[in-house]
Amino acid sequence: MTDVRSVLVVGATGVVGGLAAQLLADRGASLALAGRDPARLEDRSRRLNGCPVASFEAYDLERCTTLAPWAAGELGGLDAVVVTVGVAGFGPAKDVTNAAAEHLMTVNALAPMAVVRGALRVLRPAGTVAVVTGAIVDRPMRGTADYAAAKTALATWLRVARREQLGYGITVMDVRLPHLDTGFADRAVIGSAPAMAPGADPATEVDRLLVTPVLSPVLI
Ligand SMILES: NC(=O)c1ccc[n+]([C@@H]2O[C@H](COP(=O)([O-])OP(=O)(O)OC[C@H]3O[C@@H](n4cnc5c(N)ncnc54)[C@H](OP(=O)(O)O)[C@@H]3O)[C@@H](O)[C@H]2O)c1
């Protein structure tokens, strides 16, 4: 098992990011947090021993790429980066506006890629990046073309990055969370969600699929 000590959580103001940060801290990790809303970030930091925080907007891709180098400086090195940024969007493909489509692709694909690009430059040997995509990559539903396409683009990018990193000992994880009861669909940038079964318990799934694998990564 790798000794994961220093972790950056990007999207720490969200439900999944907040849970991941809390669970990682509970298991002894030193954290740096990044998120969009400075006030909510400070609040999260207060609950986690005043860990360092950085705010960012997903559209600022250059800023996204600086987050891991910033965290490495704050924590004296970096073992893992967890990326949970995302936004939902719904509607038939013919009806989704181009502005919403751009938003979905930027927040769900380009921004996480930009964060990981920065991370791969600074992670310690045997480091880990874990990026949340979603079960939608395997089972895209009607009314989710732009959201599903963005997550699938991210999944493909991560797959290639994982292969590129094989010789360097860096683990690149694509975390395909199932539908969770976080209210994520209610915060959609466009449209409303199709009828869905109740989501799974967020804390259980974030622990099982994200935090535990980050703390004990398996090189593949
Ligand atoms: N919940 C589910 O059912 C589910 C299932 C599969 C995958 N996922 C994925 O899991 C991740 C987390 O979801 P969640 O349920 O925790 O949702 P959430 O609570 O809405 O968290 C989303 C996170 O993304 C951030 N974000 C959104 N737009 C941003 C922007 N323009 N710039 C910077 N940050 C931005 C949010 O920041 P703010 O706090 O400032 O809004 C928040 O930190 C997402 O990638 C989602 O696609 C969720």
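Helices and strands here are DSSP runs, numbered from the N terminus; a helix has at least four residues and a strand at least two.

**Figure 1. Order of helices and strands in the protein chain of this predicted model.** The protein chain holds 6 helices and 6 strands. Read from the N terminus, its elements follow the order β-α-β-α-β-α-β-α-β-α-β-α. Along the principal axes, the C-alpha atoms occupy a box of roughly 50 × 40 × 35 Å. The radius of gyration of the protein chain is 16 Å, which agrees with the value near 17 Å for a compact globule of 220 residues.

**Figure 2. The residues around the ligand.** The ligand is surrounded by 26 residues, and the closest are Thr13, Val16, Tyr147, Leu180 and Thr182. By class, this shell consists of 12 nonpolar, 9 polar and 5 charged residues. The ligand takes up the space of the largest pocket. Two elements, helix 1 (15–26) and helix 5 (145–165), give two or more residues to the shell.

**Figure 3. Polar contacts between the protein and the ligand.** The side chain of Arg36 has an N or O atom 2.8 Å from an oxygen atom of the ligand. Lys151 also faces a ligand oxygen atom, with a polar side-chain atom at 2.9 Å. At Ala58 the contact comes from the backbone: an N or O atom there lies 2.9 Å from a nitrogen atom of the ligand. On its own the ligand has 890 Å² of accessible area, and the protein covers 93% of this.

**Figure 4. The two ends of helix 2.** Helix 2 spans residues 38–47, and Asp37 caps its N-terminal end. A side-chain oxygen of Asp37 lies 2.9 Å from the backbone nitrogen of Ala39. Following helix 2 is Asn49, which has a positive phi, near 60°.

Definitions and conventions
Residues numbered from 1 in each chain as written. Predicted model: local features only at pLDDT ≥ 70, side-chain atom pairs only at ≥ 80, totals over all residues. Heavy atoms only, no water. Near = heavy atom within 4 Å. Polar contact = N/O pair within 3.5 Å; in protein donor to acceptor, adjacent residues only side chain to side chain. Areas by Shrake-Rupley, 256 points an atom, 1.4 Å probe, with all protein chains shown as cover. 1 Å grid on protein atoms, 1.4 Å probe; cavity = no way out; pocket = protein on both sides within 12 Å on 5 of 7 lines; lining within 4 Å. Sits in = over half its atoms within 2 Å of the grid points. Nonpolar A, V, L, I, M, F, W, Y, C, P; charged D, E, K, R; others polar. Rg over C-alpha atoms; globule rule 2.2 N^0.38 Å.
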